[in-house]
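Work through the exercises below with the model open. Each task is followed by a stepwise solution.

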Amino acid sequence: MAVLMEGRVAVEHLRGLLKDEIASLSARHKRRPELRCIVVGRNAAASVYLKSQAKVAQELGIGHAVVALPEDIRPDDLIGEIAALNNDPSVTGILLQCPLPSGIDLEKAASFILPARDAEGIHPANLGRLVLGEGRIAPCTAQACIELLHHYQVKLYGREAVVVGHSSIVGKPLSLLLLKEFATTTVCHIATAEAHKLEDHVRRAHVLIVAVGKPGVIKGEWIAPGAVVIDVGINKCGESLVGDVEFEAARQKASFITPVPGGVGPLTVMLLMKNICELFKESLKLQS
Ligand SMILES: Nc1nc(=O)c2c([nH]1)NC[C@@H]1CN(c3ccc(C(=O)N[C@@H](CCC(=O)O)C(=O)O)cc3)C=[N+]21
């Protein structure tokens, strides 16, 4: 039976550090960091994220406001909203929440966020730094997975890491962070599944990280004995939340596994706040 990797526990240390640092910066500079979150339309996982953000921001003394936009917004109008936040001197960081409606391209929209206000590091300049291994601000969920592996002292060097999902905010940046740790990294995606190869890759993973957004997409019996399983999925199932991995069956085979909720999620939120704190410090340096 696997040990649970509890983000809820791993996050506590960071919470204390950030709270103290933000309190002292805010007192010294007589202003606080401000996060602005742009949300287009409605989505279950996104609402869970927003709720957590608002709660943690308040605990840490970070201002938080949502810019809620209609599902049918025109791309140019979304860019206008981003520009307004870029030009507002009180704003520290901007988060453009996914998913976006089908007519709007995340990568393109993200390129309009001022790199110095990019809360997730998804502007091309920030992603470029991540490729070069010198990124300070990386997408929070990808960072959260690495943080959790470090917290539970999981070895990555020379191990087979398999990432399922190749999104710009999780799978791709995460694969870069895993490479930085010298894991041998495979990224699976929709075409892997269509070629009936997903099971083969999952079976040989020492470390498996799943970020798809489909409950049960990874069968518990595919998990290699002793593997480490990180489930990034946040899916609403009635009133409760479930991940992408068949949890009960996977738990019998893995050595470590994240629960959903209580796994990656709480760390994602805290690392978003850490990014905001980093951007805040940078902006104060530029002013002085
Ligand atoms: N640009 C962008 N970046 C994201 O990182 C992003 C996004 N868009 N869109 C939506 C998804 C979803 N997501 C979550 C993060 C944390 C929790 C979270 O805090 N979960 C807690 C609380 C759950 C609860 O309330 O019970 C947990 O898992 O324990 C949930 C969901 C980030 N996402």
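## Exercise 1: the three-stranded sheet

An open sheet of three strands runs in the order β3-β2-β4, with parallel pairing. Here strands pair if DSSP finds at least two bridges between them. Strands (E, at least two residues) and helices (H or I, at least four) are DSSP runs, numbered from the N terminus.

This is a predicted model: local features need pLDDT of at least 70, side-chain atom pairs count only at pLDDT 80 or more, and totals for chains, interfaces and linings use all residues. Residues are numbered from 1 along each chain as its sequence is written.

Task: find which strands stand at the edges, and state the twist.

Solution.
- Step 1. β3 (63–69) and β4 (93–96) stand at the edges. Each has a single partner strand, so one side of each is left without a neighbour in the sheet.
- Step 2. From one strand to the next, the twist averages 20 degrees. Axes are lines fitted to C-alpha atoms, for helices over the stretch in contact, and angles run from 0 to 180 degrees between N-to-C directions.
- Step 3. Strand β2 (residues 34–40) runs parallel to β4, joined by four bridges. Cys37 stands opposite Leu95 in β4.

## Exercise 2: the six-stranded sheet

Task: give the strand order of the open sheet of six strands, then locate its edge strands.

Solution.
- Step 1. The order is β1-β11-β8-β7-β5-β6, with parallel pairing.
- Step 2. The edge strands are β1 (3–4) and β6 (184–188), each pairing on one side only.
- Step 3. β1 and strand β11 (residues 256–257) run parallel and are joined by two bridges. Leu4 has Ile257 as its bridge partner in β11.
- Step 4. Helix α8 (residues 171–180) lies across β5 (160–164), β6 and β7 (207–210). The angle of α8 to β6 is about 170 degrees.

## Exercise 3: two helix pairs

Two packed helices are described by the angle between their axes and the distance between the axes.

Task: describe how helix α2 (residues 12–29) packs on helix α12 (residues 264–287).

Solution.
- Step 1. The axes of α2 and α12 come within 11 Å and cross at roughly 30 degrees. That makes α2 roughly parallel to α12. The classes are: under 35 degrees roughly parallel, over 145 roughly antiparallel, 65 to 115 roughly perpendicular, the rest oblique.
- Step 2. The crossing of α2 with α12 is left-handed. Left-handed means that the near helix is turned anticlockwise from the far one by less than a right angle; right-handed means clockwise.
- Step 3. Contacts (C-beta atoms, placed from the backbone, within 7 Å) come next. In α2 they include Leu14, Leu18 and Ile22; in α12 they include Met270, Cys277 and Phe280.
- Step 4. By class, the contact residues of α2 with α12 are nine nonpolar, one polar and three charged. Nonpolar covers Ala, Val, Leu, Ile, Met, Phe, Trp, Tyr, Cys and Pro; charged covers Asp, Glu, Lys and Arg; the others, Gly among them, are polar.

Task: repeat for helix α7 (residues 140–151) and α8.

Solution.
- Step 1. α7 and α8 pack at about 35 degrees, with axes 8 Å apart. Their crossing is right-handed.
- Step 2. Ala142, Cys145 and Ile146 of α7 meet Pro173, Leu174 and Leu177 of α8. The class split is six nonpolar, no polar and no charged.

## Exercise 4: the domains

Task: how many residues does each domain give to the contact between them?

Solution.
- Step 1. The chain is divided into domain 1 (30–116) and domain 2 (140–265). These bounds come from an automatic or database domain assignment.
- Step 2. Domain 1 gives seven residues and domain 2 gives six.
- Step 3. On the domain 1 side, α3 (44–60) and α5 (106–110) are the elements giving two or more residues. α3 gives the most, with four.

How values were computed
Two residues are in contact if their C-beta atoms, placed from the backbone, lie within 7 Å.
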